[in-house]
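Me: I should like a close look at one part of this structure, namely the sheet and the pairing of its strands. Please set that part in the context of the rest of the chain.

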Amino acid sequence: MNSRFTFVVRFFSLVLAGLPICISSQPAQASNPQTGRLVVQRSPTFGSKTYLQLWIDGNKVANIGPGQRYDESIQTGHHVLAVNYTPRTRHQPSSMQLTARPGETYAFTAIRESDEGVTLRQSNRIPP
């Protein structure tokens with residue numbers, strides 16, 4: 001009976017030891033062939049008391065505060081990105097078209113221009 005008990009304990013110990021490995025390998029979505037990566041960051045001169053609002057295809061996805069950025073996967077295909085700032089803006093959101101391709105990273109910097117609201121400029125520096 002003692003050897004059977006030892007076998008059961010060892011068996012469950014191995015199962016429990018392997019469980020974290022299975023769980024930690026789950027988030028492999030970054031290499032999903034059906035998505036790209038979208039990074040939107042604020043210009044250093046954007047302002048410290050305002051938030052950058054980001055919409056993708058008409059859905060608000062983020063309020064980006066000082067020192068923050070949006071860095072998420074995006075489905076491949078055609079999208080409309082729109083940006084504005086809050087609070088109290090008299091400007092309409094500015095928008096641009098983006099066609100995302102699998103595995104590609106699209107990096108933009110939001111620039112707040114006093115007379116035009118916010119514009120997105122493609123960034124040459126892609127964050128890690």
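Reply: Glu113 stands opposite Gly117 in strand S8. In this predicted model, strand S7, residues 105-113, is joined to S8 by 6 bridges, and the two strands run antiparallel. In general, strands of a sheet pair through backbone hydrogen bonds, in either a parallel or an antiparallel manner.

The pair S7 and S8 belongs to an open sheet of 4 strands, whose order is S4-S1-S7-S8 and whose pairing is mixed. Its edges are strand S4 (69-75) and strand S8 (117-122), each of which pairs on one side only. On average, neighbouring strands of this sheet are turned by 25° against each other, direction ignored.

Gly117 also has a counterpart outside the sheet. Its C-alpha atom is separated by 8.3 Å from that of Arg90, although the two residues are 27 apart along the chain. Arg90 lies in the loop between S5 and S6. With a relative accessible area of 69%, Arg90 is exposed, because the cut-off for that class is over 50%. The loop between S5 and S6 also holds Pro87. A cis peptide bond, with omega of about 10°, joins Thr86 to Pro87. As a general point, most peptide bonds are trans.

At the other edge of the sheet, strand S4 contains Glu72. Glu72 counts as partly exposed, because its relative accessibility is 45%. Leaving out residues up to four places away in sequence, Glu72 touches Gly36, Arg37 and Leu38. Glu72 and Arg37 are 35 residues apart in sequence, yet their C-alpha atoms are 5.8 Å apart in space.

Strand S4 is also represented in the nonpolar interior. The largest nonpolar core has 20 residues, and those with the most contacts inside it are Leu38, Val40, Leu52 and Tyr70. Two or more residues of this core come from each of strand S1 (35-42), strand S2 (51-56), strand S3 (59-64), S4, strand S5 (77-86), strand S6 (94-100), S7 and S8. In soluble globular proteins, nonpolar side chains tend to be buried together. Tyr70 has contacts beyond its neighbours within four places in sequence: Leu38, Val39, Val40, Leu54, Ile56, Val61, Ala62 and Ile64. Leu38 is thus touched by Glu72 and is also in contact with Tyr70.

The aromatic rings call for a separate remark. The count of aromatic pairs comes to 0. A ring does, however, take part in another arrangement: the charged end of Arg112 sits over the ring of Tyr85, 3.9 Å from its centre.

Outside the four-stranded sheet order, S2 and S3 offer another antiparallel pairing, joined by 5 bridges. Within this pair, Trp55 has Lys60 in S3 as its bridge partner. The two strands form a hairpin with 2 residues between them. Asp57 lies in the loop between S2 and S3, and its phi is near 55°, a positive value in a residue other than glycine. Most residues other than glycine have a negative phi. Asp57 counts as partly exposed, because its relative accessibility is 40%.

The loop that precedes S2 gives one further point of reference. Ser48 is placed in the loop between S1 and S2. Its relative accessible area is 62%, so Ser48 is exposed. Ser48 and Pro66 are 18 residues apart in sequence, with a C-alpha to C-alpha separation of 5.8 Å.

These parts may finally be set within the whole chain. Its secondary structure comes to 1 helix and 8 strands, and from the N terminus on the elements run α-β-β-β-β-β-β-β-β. Of the 128 residues, 33% count as buried. Among contacts between residues at least 6 apart in sequence, 56% join residues at least 24 apart. The proximity of Glu72 to Arg37, 35 residues apart in sequence and 5.8 Å apart between C-alpha atoms, is one pairing across such a sequence distance.

Note on methods
Residues are numbered from 1 along each chain as its sequence is written. This is a predicted model: local features need pLDDT of at least 70, side-chain atom pairs count only at pLDDT 80 or more; totals for chains, interfaces and linings use all residues. Side-chain values use heavy atoms; hydrogens and water are left out. Two strands pair if DSSP finds at least two bridges between them. Axes are lines fitted to C-alpha atoms, for helices over the stretch in contact, and angles run from 0 to 180 degrees between N-to-C directions. Buried means under 20% relative accessible area, exposed over 50%, partly exposed in between (1.4 Å probe, protein chains only). Contact means heavy atoms within 4.5 Å. A nonpolar core is a set of buried Ala, Val, Leu, Ile, Met, Phe, Trp, Tyr and Cys residues joined through side-chain atoms within 4.5 Å. Rings of Phe, Tyr and Trp (its six-membered ring) pair if their centres lie within 6.5 Å; planes under 30 degrees apart count as stacked, over 60 as edge-to-face and the rest as tilted. A charge sits over a ring if NZ of Lys or CZ of Arg is within 6 Å of the ring centre and within 35 degrees of the ring normal.
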